[in-house]
Amino acid sequence: MLSDIQNHRQDTLESFKACVARRLQMEPAKLYNKSMKLSEIVARSPTASNSIDLMEAVAGAMAELEIDDRVELPAITLQHTVDQLIDEVRAQLAVNGIA
Amino acid sequence: MSTLNDLLRKLDHRTAGLTFAGAPAVELTYGDLAGLIRGNARHFQDLGVRRGDRVALSIESDLEHVVALLALIAMGAVPVSLKGPRTGDDQYAATLRRLVTRYGVAYAYRTLPDLGVPTLTWAPGATTAADLGLVDVDADDPCIIQFSSGSLGDPKPVPLRHSSLLANMHAITAVDHRHAGAQGWTFLPLSHDMGLIGGLLSNLIHQNPLFLATPQRFLRRPLEFLTWTPSDDCVVAMPDFAVRYLVNHLTNRGARTDARLLARLRHIYCGAEPIRHETIAALVGIAEAWGFEPSSLIPCYGMAEATLIVTSHRFRGLADSFLTAPNGRTIACVGQPIPGTDVVVGQRGPSGEPVASAPGREGVVFVRGPGVCRGYLDAPEFPGGWHDTGDTGLLRDGELYVTGRVKELIIVNGENLFPHDIEQVVLQQEGVRDCMVMSEDDRFFVVVVPTPRATIELSSVAAQIAAQFGAVPAGMALGAAGELERTTSGKPMRATTLAALRPRMAPPAALGAPLQP
């Protein structure tokens, strides 16, 4: 049972990552390959050119998966890395028991 | 009432007050606020602050900074409102130290870096019902100094008199027919004129209940206020980017959001950056779905030199509130001047005062009125009281349309960026010999000239710009020495350079591997 919940949570996280990548029009492999700074991501994404665009992509992915009522947009700046962003979302998914 | 101090003296214990968003939220009545202002005014006096002393302060959206600001004004000191540092801006403290010396700042508030002057800290427990510390000031006395456009590298400090401030605050509340029952909401930085004057201070006139949040909190929880407030008569200022963000958020959430949510917003001031047709069209497009009345939108125009607001109008519809230029660009109507304020579109005449263009012809926008400062701090007064805004526009049927600007300023998401500031960051990159930043319609372009044999990765330069300024260039290119056009005195000829190099520019996302010069 516990492993089912963890798997489902992992599915949600992977779906979230895929949604963000799609909204940024970046290959997931490139986006999550190394711990890129978010400032590097806005320099590489054809759709996001500033911090608001990036937050919109993240917020949009949360809304698309209907987790935005329980998972809060992480407090991020362009100095943070994509790993920090994902870690924060992962932690919130766990805290909120989203499965 | 002709001074802010008169207004502060009138604050009383109604149930209405301020709510600072947070966990937990901080709530207090205007009477509670008045007690803290008086107590802290006395506290600052006890610390040695004298009437007329200039005190540097970066006003954050919390109780401490609001009290400190108003207490300093109450005791006759002059707060100098500064923007907070950008993330990773190592030069911020050095820049502020130069300003402190240049403008005779006597104290700095504790949340600023060490500026070499005594530091002030509020006393959270200092509260009194007595009038202690609240001094009588003259309407002509300086009240606060704010920096035009937010540039600290090329500062233009605007000294606002009490009379200017009050005149503009009253003009704002007249535009939206403010009454005591209206609910204020602000999430703009209080170091910005639209946040400070429109978002905070205008609510003191009728002691409107006010919900304050930081810009970051709005981005994280754009619906927080709207789902919290019971009021159906809310006033807010939203630059174009915030309208766009809210619309996208609602669209993403779809039917999961209360269908009458936007009916609560009866007055949305939209300004601080160009108002885009597509943004307003998107808002109008979702209006019916979320109960929004489009005439609640108030496109407006203003600047720190005019305290805040200069013109405004109630949105009449996409056809009536925009005009289409011959080149196909849509330009927002920002309305008529507020009462008592004059707007002329033209060119500077021999006396320094404007000479008006023919009606409907484009020119530079000049403003004059009770809210307009007499001149920058320690600088000559504006000729005849006319402030040359550096913006271009045209007047049609007495209404202003802002078409662009002649000043070197780029506005991205409501934040003002300056080519010179960006150039300084790029020039610090290894292997960069020279660079030039050029703007066009609030997009900016960067040309980098590498040193001999250096390899420059433009996408890395773009990332560095983004880290520091929050946005990447719309186009970049490598250039050769001599391609960056300058006048004989060395002044950048940005438009000429952009025109020449534009065909070679590519967006950062299209720049992959390191490029050889």
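The following exchange covers strands, a sheet and the chain interface of a predicted model.

Residues are numbered from 1 along each chain as its sequence is written, and chains are lettered from A and ligands numbered from 1 in the order in which they are written. In this predicted model local features need pLDDT of at least 70, side-chain atom pairs count only at pLDDT 80 or more, totals for chains, interfaces and linings use all residues, and side-chain values use heavy atoms, without hydrogens and water.

Biologist: Which residue of β10(B) stands opposite W185(B)?

Modeller: Strands here are DSSP runs of E, at least two residues, numbered from the N terminus. They pair if DSSP finds at least two bridges between them. β9(B) (residues 183–186) runs parallel to β10(B) (residues 210–212), with 3 bridges. Opposite W185(B) stands F211(B).

Biologist: Are G184(B) and T186(B) of β9(B) buried or exposed?

Modeller: Buried means under 20% relative accessible area, exposed over 50%, partly exposed in between (1.4 Å probe, protein chains only). Q183(B) and W185(B) lie on one side of β9(B), G184(B) and T186(B) on the other. Both faces are covered, and these four residues are all buried.

Biologist: Which strands stand at the edges of the open sheet β24-β25-β26 of chain B?

Modeller: The sheet has 3 strands and mixed pairing. Each edge strand has a single partner, so one side of it lacks a neighbour in the sheet. The edges are β24 (432–440) and β26 (475–478) of chain B.

Biologist: Which residue of β25(B) stands opposite M438(B)?

Modeller: β24(B) pairs with β25(B) (residues 443–450) in the antiparallel sense. The pairing spans 8 bridges. Opposite M438(B) stands F445(B).

Biologist: At about what angle does helix α12 of chain B run to β26(B)?

Modeller: Helices are DSSP runs of H or I, at least four residues. Axes are lines fitted to C-alpha atoms, for helices over the stretch in contact (heavy atoms within 4.5 Å), and angles run from 0 to 180 degrees between N-to-C directions. Helix α12(B) (residues 458–469) lies across β25 and β26 of chain B. Its angle to β26(B) is about 135°.

Biologist: How many salt bridges are there between chain A and chain B?

Modeller: A salt bridge is a side-chain nitrogen of Lys or Arg within 4 Å of a carboxyl oxygen of Asp or Glu. D69(A) forms one with R253(B), the closest N and O atoms being 2.9 Å apart. Across the interface, 27 residues of chain A are in contact with 26 residues of chain B. The salt bridge count is 7.
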